[in-house]
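Me: I have a structure to go through with you. Could we take it topic by topic?

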Amino acid sequence: MRHRFLTDLELMVLLATLRVGENAYGIPIARELHDTAGRNVALAVVYATLDRLEHRALVSSSLGEPTPERGGRAKRVFCVTAKGVREARASQRAFSALWRGVLEPSRGMP
Amino acid sequence: MTRKAPRAAAALLDLLGPQHEALAGDLLEGYRSGRSKAWYWREALTAIVVASFEDIRAHKVLAARSVVVGWSALLLFFLVAGDFLSRQILGGWVLDQLIVAFGSHPFVMLWATTLRFLPAGCIGFLISGWLVGRLHSSHPAAMLTAFSGSVVTLFAFSSEIVALIGGPRAIPYPLRSVFFMELSFFWHAGFMAVPAFILLGGWWGSSTSPVARVAERL
């Protein structure tokens, strides 16, 4: 089967999940995307992206305990799998290879 | 004191949004940690739209069926009753009474040229939305989005379509009636009115019923 690369949003969400580490659920992941990458992403979009990543076994999720400040609703905590880390590194390598030499003045870049 | 989420937004999310406990909890947590009502509304509406598109992607055949059902209901209504209501009753008998009572008052002119199309349009969009909601009660938001999206798209490109096929006469009745009377009226009256009436009808019709359950299995 043909390999499907991560989209930019999928890669960002994957990296934000890695950066948050433990207790990575919707709100801290969306905050990380905003604070670090300057990208304002709606929570529903974060979850839709995480669902796609989970479908590809790049992240796994588990339900936490329901808490009163969340109206008795449980958190869904995400964890990047080993396959997810490999996929993020592969994307990084692909981007690095594409960037290599691009910034050299002789290539006509500003 | 614990802040309560905006009631209408929470109800809308509960009714049309994803059945996603974690997302609903996150929204409440964000709101209680100081986010604004506008933030909650924006997040809730985004959740409904995103869930609808994900649902459409996962149920393409059902989405196509909802578009066919919605348009069939819409056209059937205008074929059987809509045009009669707009032309014969509201544009005939009611208009005659208004002229007798108010003469050439600007309201009578407005009634004659545009307002008489409003009730048939409202009823047509409500009925088609109701039927789509009724027959797709397991995914009402997604299927209503698919149908109302098709209406709005056709609506937005109606003048291009007419130009392409060579004028209004080439369009079969009752599609012509929908295009040139109802949709053109709603275009001027408010673009959002069309999906709003479809969604309203769909919300009304989407409560689970035995008929709807049988239709879902087909």
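Reply: One definition beforehand: buried means under 20% relative accessible area, exposed over 50%, and partly exposed in between, with a 1.4 Å probe and protein chains only. This is a predicted model, in which local features need pLDDT of at least 70 and side-chain atom pairs count only at pLDDT 80 or more, while totals for chains, interfaces and linings use all residues. Residues are numbered from 1 along each chain as its sequence is written, chains are lettered from A in the order in which they are written, and side-chain values use heavy atoms, without hydrogens and water.

Me: Is E10(A) buried or exposed?

Reply: E10(A) counts as buried, because its relative accessibility is 1%.

Me: Which residue does E10(A) meet in a salt bridge?

Reply: The partner is R56(A), at 3.8 Å from N to O; a salt bridge is a side-chain nitrogen of Lys or Arg within 4 Å of a carboxyl oxygen of Asp or Glu. E10(A) lies in helix α1 of chain A and R56(A) in the loop between α3 and β1 (59-63), 46 residues apart. R56(A) is also buried, at 19% relative accessibility.

Me: Which residues are in the network with that pair?

Reply: The salt-bridge network links E10(A), R52(A), R56(A), E87(A), E54(B) and R57(B).

Me: How many salt bridges are there over all chains?

Reply: There are 11 over all chains. One of them joins D8(A) and R39(A), at 3.1 Å from N to O. D8(A) is in helix α1 (residues 8-20) and R39(A) in the loop between α2 (26-37) and α3 (43-55) of chain A, 31 residues apart. D8(A) is partly exposed at 48%, and R39(A) is partly exposed at 28%.

Me: Changing topic, what is the secondary structure of chain A?

Reply: Chain A has four helices and two strands, in the order α-α-α-β-β-α along the sequence. Helices (H or I, at least four residues) and strands (E, at least two) are DSSP runs, numbered from the N terminus.

Me: And chain B: which residues of helix α1 are buried?

Reply: In α1 (residues 7-16) of chain B they are A9(B), L13(B) and L16(B). Seen down the axis of α1(B), these buried residues fall within an arc of 95 degrees (taken from the directions from the helix axis to the C-beta atoms), so they line one face of the helix. The face turned away from the buried side of α1(B) carries the exposed residues R7(B) and D14(B).

Me: What covers the buried residues of α1(B)?

Reply: The cover includes α2 (21-32), α3 (37-58) and α7 (140-156) of chain B, where contact means heavy atoms within 4.5 Å.
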